[in-house]
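Trainee: Could you go through this one with me? I'd like to start with charged side chains and then move on to whatever follows from them.

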Amino acid sequence: MTTTPDTSTPEATIADARERIDAIDDRILGLIQERMAVSAVVQQTRIASGGRRVHLAREMEILGRYRDALGKPGTNLAMTLLELCRGRI
């Protein structure tokens, strides 16, 4: 049985939307943590095989993908994700 959110008042609509935002944020945080772990594996493997910690061409691809999808703020978001996943360079 599915329940319909109470949107009979503006306050109820806002409360429902905030609950949804919190749930989405929880998923985003989990995905970022997963991305950080996968990135660590890539870096460790690259270093162990004699490569560099950071692959700048790959980072440019990521920056472009986020910029194309989200505009200039997407570039800032991608930079933050890259910094979280590989540290400052």
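Mentor: Let us begin with Asp68, which counts as exposed because its relative accessibility is 63%. Please keep in mind throughout that this is a predicted model.

Trainee: Which side chain does Asp68 meet in a salt bridge?

Mentor: That of Arg67, with the N to O distance at 3.9 Å. Arg67 itself counts as partly exposed, since its relative accessibility is 43%.

Trainee: How many salt bridges does a search of the whole structure find?

Mentor: It finds three. Besides the pair of Arg67 and Asp68, there is a salt bridge between the side chains of Arg58 and Glu61, at 3.3 Å from N to O, and another between Arg86 and Glu59, whose closest N and O atoms are 2.8 Å apart.

Trainee: Where do Arg58 and Glu61 lie?

Mentor: Both lie in helix α2, three residues apart, which is about one turn of the helix. Arg58 is partly exposed, its relative accessible area being 38%, and Glu61 is likewise partly exposed, with a value of 49%.

Trainee: And what about Arg86 and Glu59, are they buried or exposed?

Mentor: Glu59 is buried, given its relative accessible area of 10%, and Arg86 is buried too, with 11%; the cut-off that matters here is 20%, because a residue has to fall under that value to be called buried.

Trainee: Why does the salt bridge of Arg86 with Glu59 tie together parts that are apart in sequence?

Mentor: The salt bridge, with its closest N and O atoms 2.8 Å apart, does so because Arg86 lies in helix α3, residues 72-86, whereas Glu59 lies in helix α2, so that the parts it joins are 27 residues apart in sequence. As a general point, side chains of opposite charge can pair when their charged atoms come close. The side chains of Glu59 and Arg86 are also joined by a polar contact of 2.8 Å.

Trainee: What else is Glu59 in contact with, leaving aside its neighbours within four places in sequence?

Mentor: With that exclusion, Glu59 is in contact with Val54 and Leu82 as well as Arg86. On the same basis, Arg86 is in contact with Gln43, Arg53, Val54 and Glu59, so Val54 appears for both partners.

Trainee: Let's turn to the helices, then. How do the axes of α2 and α3 cross?

Mentor: They come within 7 Å and cross at roughly 145°, and the crossing in which α2 passes α3 is right-handed.

Trainee: Which residues make that contact?

Mentor: From α2 the contact uses Glu59, Ile62, Leu63, Tyr66, Arg67 and Leu70. From α3 there is a list that includes Lys72, Pro73, Gly74, Leu77, Leu81, Leu82 and Arg86. Both partners of the buried salt bridge, Glu59 and Arg86, are therefore among the contacting residues.

Trainee: How many of the contact residues are nonpolar, polar and charged?

Mentor: By class, the contact of α2 with α3 has 10 nonpolar residues, two polar and four charged.

Trainee: One more topic. Where is Ala57 found?

Mentor: Ala57 is found in helix α2, which covers residues 56-70, and it counts as partly exposed because its relative accessibility is 47%.

Trainee: How far apart in space are Ala57 and Gly74?

Mentor: They are 18 Å apart, C-alpha to C-alpha, with their positions 17 residues apart in sequence. Gly74 is, for its part, one of the α3 residues in the contact with α2.

Key:
Residues numbered from 1 in each chain as written. Predicted model: local features only at pLDDT ≥ 70, side-chain atom pairs only at ≥ 80, totals over all residues. Heavy atoms only, no water. Helix = DSSP H or I, 4+ residues; strand = E, 2+ residues; numbered from the N terminus. Buried < 20%, exposed > 50% of the residue type's maximum accessible area, 1.4 Å probe, protein only. Polar contact = N/O pair within 3.5 Å; in protein donor to acceptor, adjacent residues only side chain to side chain. Contact = heavy atoms within 4.5 Å. Salt bridge = Lys/Arg side-chain N within 4 Å of Asp/Glu carboxyl O. Axes fitted to C-alpha atoms, helices over the stretch in contact; angles between N-to-C directions. Left-handed = near helix turned anticlockwise from the far one by under 90°. Nonpolar A, V, L, I, M, F, W, Y, C, P; charged D, E, K, R; others polar.
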